[in-house]
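Trainee: I would like a close look at a single part of this protein, the nonpolar interior and the aromatic rings that belong with it. Please take it in one connected account.

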Amino acid sequence: MSFTSQTIIGASRTFQFFFSEAFLGQHFEAVELEQSDPEPGDLFLFRLQSPTGRWCGAHVGVYCGHREIIHFEGKIPDSCGPHKFLGSWEGVVCKQGQGPMLRSRSLWRVLRRRGGINRTLLELRVREAMDTDPPPYHPTRNNCVHFALHLLGLDRNPNSASVDLKLSMG
């Protein structure tokens with residue numbers, strides 16, 4: 001697969017995840033934390049804001065249980081110039097307490113997988129993510145959405161015991 005097609009596929013998966021209510025409604029349901037405690041596998045979506053305070057996307061973390069959220073982000077190099085959003089960066093996997101994460105970021109919504117998740121697979125993948133060097137981060141090909149879907153077994157990695165979801169547009 002070429003660089004261009006990987007970028008387009010990755011961008012379309014990310015776009016569909018955030019903006020396709022049909023996709024979200026088919027696979028996830030919104031959860032109100034005031035009415036329900038989070039469960040392992042819940043997706044926490046946090047608003048990303050520009051320096052001027054405008055909404056410019058979201059960051060996704062996966063609730064692991066024990067009031068911890070795991071997430072993946074990129075460490076943007078200081079000296080990468082105006083094209084910094086076109087390349088890969090150092091990937092960083094973090095596990096944070098739910099309280100500090102909610103205080104430091106603006107929660108948009110919490111989503112729960114319809115039909116539940118395989119908790120054993122989630123625990124295995126969280127341990128693996130914490131114990132291995134993270135892959136490079138790319139804004140469209142390998143980002144927090146791809147990481148979260150992988151943890152839940154919803155990726156298309158042929159080497160994992162995953163569910164093959166059709167994530168095409170339309």
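Mentor: What follows goes from the chain as a whole to its cores, then to the rings, the strand pairing and one loop.

The model is a predicted one. The protein chain has 5 helices and 6 strands, and along the sequence these come in the order α-α-β-β-β-β-β-α-β-α-α. Of its 170 residues, 39% are buried. Among contacts with a separation of 6 or more, 69% are between residues 24 or more positions apart. The accessible surface is about 9800 Å², and carbon and sulfur atoms account for 51% of that area.

Now the interior. In soluble globular proteins, nonpolar side chains tend to be buried together. Here the largest nonpolar core holds 23 residues, and Leu-43, Val-62 and Ile-70 have the most contacts inside it. Two or more residues each come from strands E2 (43-49), E3 (55-65) and E4 (68-75), and from helices H4 (119-131) and H5 (144-151). H5 supplies the largest share, with 6 residues. Separate from this set is a second core of 7 residues, including Val-31, Phe-44, Met-101 and Val-110.

Two members of the second core also face each other across a strand pair: Val-31 stands opposite Val-110 in E6. The strands concerned are E1 (residues 28-31) and E6 (residues 106-113), which run antiparallel and are joined by 4 bridges. E6 is also joined to E2 by 5 bridges, again in an antiparallel arrangement. Within that second pairing, Phe-46 has Leu-107 in E6 as its bridge partner.

Phe-44, a member of the second core, leads on to the aromatic rings. The count of aromatic pairs is 5. One of them is Phe-44 with Tyr-63, a stacked pair with 6.0 Å from centre to centre and 25° between the planes. Because Phe-44 lies in strand E2 and Tyr-63 in strand E3, the pair ties together parts that are 19 residues apart in sequence. Phe-44 and Tyr-63 are both buried.

Another group of rings is a single aromatic cluster made of Phe-72, Trp-89, Tyr-137 and Phe-147. Of these, Trp-89 sits in the loop between E4 and strand E5 (90-97). Is Trp-89 buried or exposed? Its relative accessible area is 9%, which is under the 20% cut-off, so Trp-89 counts as buried. The C-alpha of Trp-89 lies 6.0 Å from that of Lys-75, although 14 residues separate them in sequence.

A further ring contact involves a charge. The charged end of Arg-109 sits over the ring of Trp-108, at 5.2 Å from the ring centre.

The loop between E3 and E4 is of interest for its backbone. His-66 is located there, and its phi is near 55°, a positive value in a residue other than glycine. His-66 has a relative accessibility of 76%; the cut-off for exposed is over 50%, so His-66 counts as exposed. Arg-67 belongs to the loop between E3 and E4 as well. Arg-67 is not a glycine either, yet its phi is positive, at about 60°.

To put the contrast briefly: Trp-89, in the loop between E4 and E5, is buried, whereas His-66, in the loop between E3 and E4, is exposed.

How values were computed:
Residues numbered from 1 in each chain as written. Predicted model: local features only at pLDDT ≥ 70, side-chain atom pairs only at ≥ 80, totals over all residues. Heavy atoms only, no water. Core = buried A, V, L, I, M, F, W, Y, C linked by side-chain atoms within 4.5 Å. Buried < 20%, exposed > 50% of the residue type's maximum accessible area, 1.4 Å probe, protein only. Contact = heavy atoms within 4.5 Å. Areas by Shrake-Rupley, 256 points an atom, 1.4 Å probe, with all protein chains shown as cover. Phe/Tyr/Trp six-rings, centres within 6.5 Å; stacked < 30°, edge-to-face > 60°. Lys NZ or Arg CZ within 6 Å of the ring centre and 35° of its normal. Pairing = 2+ DSSP bridges.
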